[in-house]
Amino acid sequence: MKNLPVRMARWSAARPWRGIVGWFVFVVLCLGIGISVGTNAATTEDFRIGEAGRGEAIAAEGGLQQRSVEHVLITAKPSTGKLDIAAADLAAADVAARMAKLPEVLSVTDPVRGAGNTAVRVTVTMKGPELEGKEHVDPLLEQTAAVQKANPGLSVEETGSPSISKGVDKLRGDDLARTEMIALPVTLITLLLVFSSVAMALVPLLLALSSIAAAVGLTMVASHVFPDNGISTNVILLIGLAVGVDYTLFYLKREREERARAGGRLSPQAVVELAAATSGRAVVVSGLAVAVSSATLYLADDVIFSSIATGAILVTLVAVVSSLTVLPALLAKLGMRAERRAERRAARGLAPKKQKTHKTGPGRLTAAVLRPVSKHPIATLTVTVVGLLALAAPVLGLKLTDMGRETHSRSIVAMQVYDRLNAAYPELKSMHQVVVRAEADRSPEVTAALRELAADVKDDPRLSGTSQLTTSPDKRISMLQLQVPHYVSSDKAQSSLKDIRDTYLPETVGQVKGAETAVTGDVARYTDYPTHQEQKLPLIIGALLLVTFAMTVWAFRSLVLGLVGIVLNLLSAAASLGILVMVFQHTWAEGLVDFTSTGSIGSRVPLFLFVILFGLSMDYQVFVISRIREAALRGVPTRKAVIDGIGSSAGVVTSAAAVMVTVFASFAALHLIEMKQIGFSLAVAVLLDAFVIRMLVLPSLMLLLGEANWWPSRGVRHAHRTTEQAPRPLESVG
């Protein structure tokens with residue numbers, strides 16, 4: 001009763017108003033400081049990965065970096081016949097003149113006619129870094145709209161990286177608003193069913209939302225160390241609502257049990273202290289496990305995962321702090337309020353209000369599930385493990401790719417124009433950029449070698465045959481751009497990149513002494529990112545296994561349970577990933593889940609799934625095994641402790657899982673394919689973890705291990721010996 005969670009709970013429960021006001025002051029301060037310092041957004045340099053990233057850095061050194069480009073497409077209106085090419089040329093000239101006057105524009109190309117005079121295109125290059133294009137594209141879109149208005153007989157449309165990114169951001173924002181509208185009411189309904197009290201149902205939700213708000217502010221501050229790539233808020237909402245409600249549920253569950261056990265003999269403050277003595281430690285261990293697991297994402301050496309890790313760590317730690325500070329204050333306040341109501345009823349001569357009995361044992365369904373587990377643990381373990389391994393089998397066919405621009409939802413107008421642009425000008429689909437750095441006096445030699453490379457690939461059917469050679473003012477950096485009339489994910493684009501890197505480049509520019517070369521561009525970016533993730537995946541999974549093992553051993557003083565935790569987490573993660581592959585790498589579920597299959601899984605998804613699932617699994621692991629260990633330390637035989645511990649914790653675990661699944665499943669409804677895959681996989685993972693791993697596999701395994709569960713800790717064995725040696729009461733006769 002002297003550990004930190006108890007001391008914090010004791011202070012808050014004794015001074016509830018200070019605890020409540022202090023918490024909300026903390027939330028306001030976090031938001032205020034975050035808003036005042038602002039968000040440090042990730043720059044183009046932060047996203048550079050592999051050879052493609054090295055090539056971008058070399059190109060930028062010579063002022064040849066890739067910039068934001070918009071294309072204005074002029075075609076005939078649907079069902080109006082052929083394009084009036086003269087009118088289209090005039091409209092294109094108007095577009096070019098308008099765009100050239102804008103301060104956001106660096107250059108405008110001459111109009112380019114498409115094959116068969118079916119379209120006219122004007123290409124506009126914007127000033128500033130590539131990533132900032134979406135922030136300054138509105139004036140360009142306004143001029144395009146003005147030309148469209150002046151030419152009602154033509155179709156004048158605009159697309160490009162900036163306008164597409166702007167549309168993606170808007171779609172993501174709309175999707176998040178919709179997920180909130182789904183997740184919050186369902187979460188509240190679930191909590192109402194659990195507690196049968198509006199006040200008790202609102203507490204977890206309010207604490208989760210306030211934790212999310214505080215974490216958003218803290219993430220703004222942290223972005224000045226770990227730049228924000230724009231999705232940290234999504235992660236904070238996703239993780240914050242899940243763990244925030246989880247930790248509060250764990251605490252409330254124990255507080256209600258202690259209150260029912262006390263039967264009115266203890267004050268609300270004392271009841272809160274008793275709950276903190278057990279659930280408080282479980283919350284701390286769970287929160288630290290999620291935070292440390294999330295921290296392994298920093299090993300990915302990727303700004304996206306660094307941003308995800310920062311958001312997940314901060315919102316988890318804030319949720320832990322809220323559970324240890326303001327939650328005890330709220331519970332004490334609610335308890336004192338109930339006492340005053342009882343006193344007023346007694347003063348008026350009314351009978352005490354009948355209290356609802358709080359059931360601590362397993363429910364009917366849980367008891368039915370645990371019955372075969374208790375009787376046939378070997379059979380139960382064998383069947384469930386074989387089933388999970390069967391679900392995991394599709395992982396052997398896992399194909400990871402970066403989700404390129406062409407995978408974005410066609411509900412974005414700019415993506416519809418993107419398709420029409422690529423149909424009229426297929427050479428714009430993607431490109432290779434061969435970048436060379438050498439001493440200025442070797443510029444003629446480098447230029448000649450690049451021209452030779454261009455001549456070698458001119459007739460390659462995988463390329464468009466068009467090329468552009470540019471050199472930096474100081475003659476040190478040269479770049480050859482080759483257009484690829486295929487999407488970056490196509491086999492032709494991929495094989496052409498491999499041949500340029502492995503054959504064409506070494507045979508030409510590779511012969512120039514002292515020249516440093518790299519191939520970047522759309523196809524290289526698409527290829528190098530998944531390769532980078534695949535290289536980092538073993539390191540991060542290894543770190544995850546070590547963290548899971550260390551946290552479990554630290555929490556329960558058992559090497560055996562540490563190994564059990566690793567095996568169970570791997571099993572649930574592999575099965576979840578297998579189901580993800582079955583659903584998203586094929587087409588049979590497209591209508592069911594509302595997506596268009598790319599035949600692959602987003603390269604970020606498995607890493608995100610493993611890290612977050614390992615962390616969240618520790619929530620259930622710690623809570624369930626804590627209940628089992630408590631009973632075992634009281635001298636209860638391990639077999640009975642396992643069944644009782646699983647049974648008494650099943651209600652809160654399934655309730656918490658229902659909330660998590662709701663939150664994650666709402667993300668599966670997003671239009672962005674990678675976010676959809678993440679939401680779906682996490683929802684499936686939590687379902688498997690809560691209802692299969694914790695209800696079937698874990699108890700079966702622990703029943704078979706028996707006393708070995710606690711090795712090498714002597715605490716449980718000592719408790720059992722003490723119980724066995726204690727004198728038994730005399731049996732009554734008669």
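**Notes on rings and cavities**

1. The charged end of Lys429 is placed over the ring of Tyr487, 4.7 Å from its centre. Bear in mind that this is a predicted model. There's another contact of this kind to look at: Arg121 lies over the face of Tyr425, with 4.7 Å to the ring centre.

2. On to ring–ring contacts. The count of aromatic pairs comes to seven. One of them is Phe250 with Phe623: the ring centres are 4.4 Å apart and the planes meet at 10°, under the 30 degrees cut-off, so this pair is stacked. The pair ties together distant parts of the chain, as Phe250 belongs to helix α8 (residues 232-262) and Phe623 to helix α20, 373 residues apart.

3. Are these two rings buried or exposed? Phe250 has 0% relative accessibility and so counts as buried. Phe623 is buried too, at a relative accessible area of 3%.

4. Elsewhere, Phe584, Phe595 and Phe680 make up one aromatic cluster.

5. Now the cavities. Searching the whole structure turns up three of 30 Å³ or more. The largest holds about 40 Å³ of space. Phe623 shows up again here, in a lining that also has Arg254, Thr278, Ser279, Ala282, Ser626, Arg627 and Glu630. The elements giving two or more residues to that lining are α9 (268-295) and α20 (605-633). Helix α20 has the largest share, with four residues.

6. What is the make-up of that lining, by residue class? It splits into two nonpolar, three polar and three charged residues. Among the charged ones are Arg254 and Glu630.

Conventions:
Residues numbered from 1 in each chain as written. Predicted model: local features only at pLDDT ≥ 70, side-chain atom pairs only at ≥ 80, totals over all residues. Heavy atoms only, no water. 1 Å grid on protein atoms, 1.4 Å probe; cavity = no way out; pocket = protein on both sides within 12 Å on 5 of 7 lines; lining within 4 Å. Points joined across faces, edges and corners; volume = space filled by probe spheres on them. Phe/Tyr/Trp six-rings, centres within 6.5 Å; stacked < 30°, edge-to-face > 60°. Buried < 20%, exposed > 50% of the residue type's maximum accessible area, 1.4 Å probe, protein only. Lys NZ or Arg CZ within 6 Å of the ring centre and 35° of its normal.
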